[in-house]
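Me: Let's go through this one by question and answer. Please put the sequence and structure up first.

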Amino acid sequence: MGKIITRRRALILCIVLTLLWMCMIFFFSAADSTKSANMSGSLLRKLLSGFVPHWQERSADIQQQIIDSLHTVFRKLGHFSEYALLGCLLSAGVRLWPQKSRLPLPKTELWLPALLSFLYAGTDELHQAFVPGRSCELRDMFIDLSGACVGIAVLSCILMLRRKLRRRRSKQNHYHQTGDSC
C-alpha cells in the first residue's frame, strides 16, 4: 500500500532538493583554485582510467598531458551539468507551485527557472571573485544558463512523453471497457 505523494509534499521535497543543490554549487565554488583543480583533475583521472582503453599502460607523463588537454573542457562540463540539474529542479518546483497561474506571462515553467538559474549563476560567479585564485567570468554564466536550459528542456520532454503515454493508456482502457475498436 504505497502512499501517494501529495502535490504539496512534492513541492516541499523539490524546494529542499533545490536548496541543497544550490548549497553544493556554492560549496564547489568556495574551493580555491588549487583545491578546485585538484578535485576536478582527480575526478577526470578516475573517469579516464575507467573508460580509456589501456589507460594504466600509458606513462604518467602521457596521462598528465591528456588530463591537461581535457581539464578545461571537463570543468566547463561541470558548470553545465551542475546547472542542468538546477534548471530541472527549478522547473519542477515552478510546475508544482500552486499560484503559478497568477503570473502574467505564458510558459512560466520555462522562462522562470531559466531566469532564476541565470541569477544564481551570477551570484555564484560574483562569489568566486572573492575566492583565492578563482575569477568571475561572464562566459561561465552563459555556460550555466545553457545547462539550465537543457535541464528544463529535458524535464519538459519527459513530462510531455509521460502525458502522451497516459493519454494513450487512457484511450486503450476506454476502448477495452466499451468494446470499441480502432
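Me: What relative accessible area does Leu17 have?
Reply: This is a predicted model, in which local features need pLDDT of at least 70 and side-chain atom pairs count only at pLDDT 80 or more, while totals for chains, interfaces and linings use all residues. Buried means under 20% relative accessible area, exposed over 50%, and partly exposed in between (1.4 Å probe, protein chains only). Leu17 is partly exposed, at 40%.

Me: What is the mean pLDDT of the protein?
Reply: pLDDT is the predictor's confidence in each residue, from 0 to 100. In this protein, 89% of residues reach 70 or more. The mean is 89.

Me: Which element has the highest mean pLDDT?
Reply: Helices are DSSP runs (H or I, at least four residues; strands are E, at least two), numbered from the N terminus. H5 has the lowest mean, 89. The highest, 95, belongs to H1.

Me: What is the area of the nonpolar surface patch that includes Leu17?
Reply: Patch residues have over 30% relative accessible area and no salt bridge; nonpolar side chains (Val, Leu, Ile, Met, Phe, Trp, Tyr) are joined within 5 Å, like charges within 9 Å. Leu17 sits in helix H1, residues 7-30. Its patch partners are Ile12, Leu13, Val16 and Leu20, and the patch covers about 430 Å².

Me: Which helix holds Lys171?
Reply: Lys171 is exposed, at 54% relative accessible area. It belongs to a positive surface patch with Lys107, Arg162, Arg163, Lys164, Arg166, Arg167, Arg168 and Arg169. Lys171 lies within residues 138-178, helix H5.

Me: How many salt bridges does the whole structure have?
Reply: A salt bridge needs a side-chain nitrogen of Lys or Arg within 4 Å of a carboxyl oxygen of Asp or Glu. One of them joins Glu137 and Arg139, at 2.8 Å from N to O. Glu137 is partly exposed, at 24%. The search finds two.

Me: How far apart are the closest N and O atoms of Asp140 and Lys76?
Reply: Asp140 lies in helix H5 and Lys76 in helix H3 (residues 60-96), so the salt bridge ties together parts 64 residues apart in sequence. Asp140 is buried, at 3%. Lys76 is buried too, at 19%. Their closest N and O atoms are 2.7 Å apart.

Me: What is the phi of His54?
Reply: Residues are numbered from 1 along each chain as its sequence is written, and side-chain values use heavy atoms, without hydrogens and water. His54 sits in the loop between helix H2 (33-51) and H3. His54 is exposed, at 54%. It is not a glycine, yet its phi is positive, about 60 degrees.

Definitions and conventions: Accessible areas come from the Shrake-Rupley method with a 1.4 Å probe; for residues, only the protein chains shown count as cover. Lys and Arg count as positive and Asp and Glu as negative; His and the chain ends are not counted. The place of a charge is taken as NZ of Lys, CZ of Arg, CG of Asp or CD of Glu.
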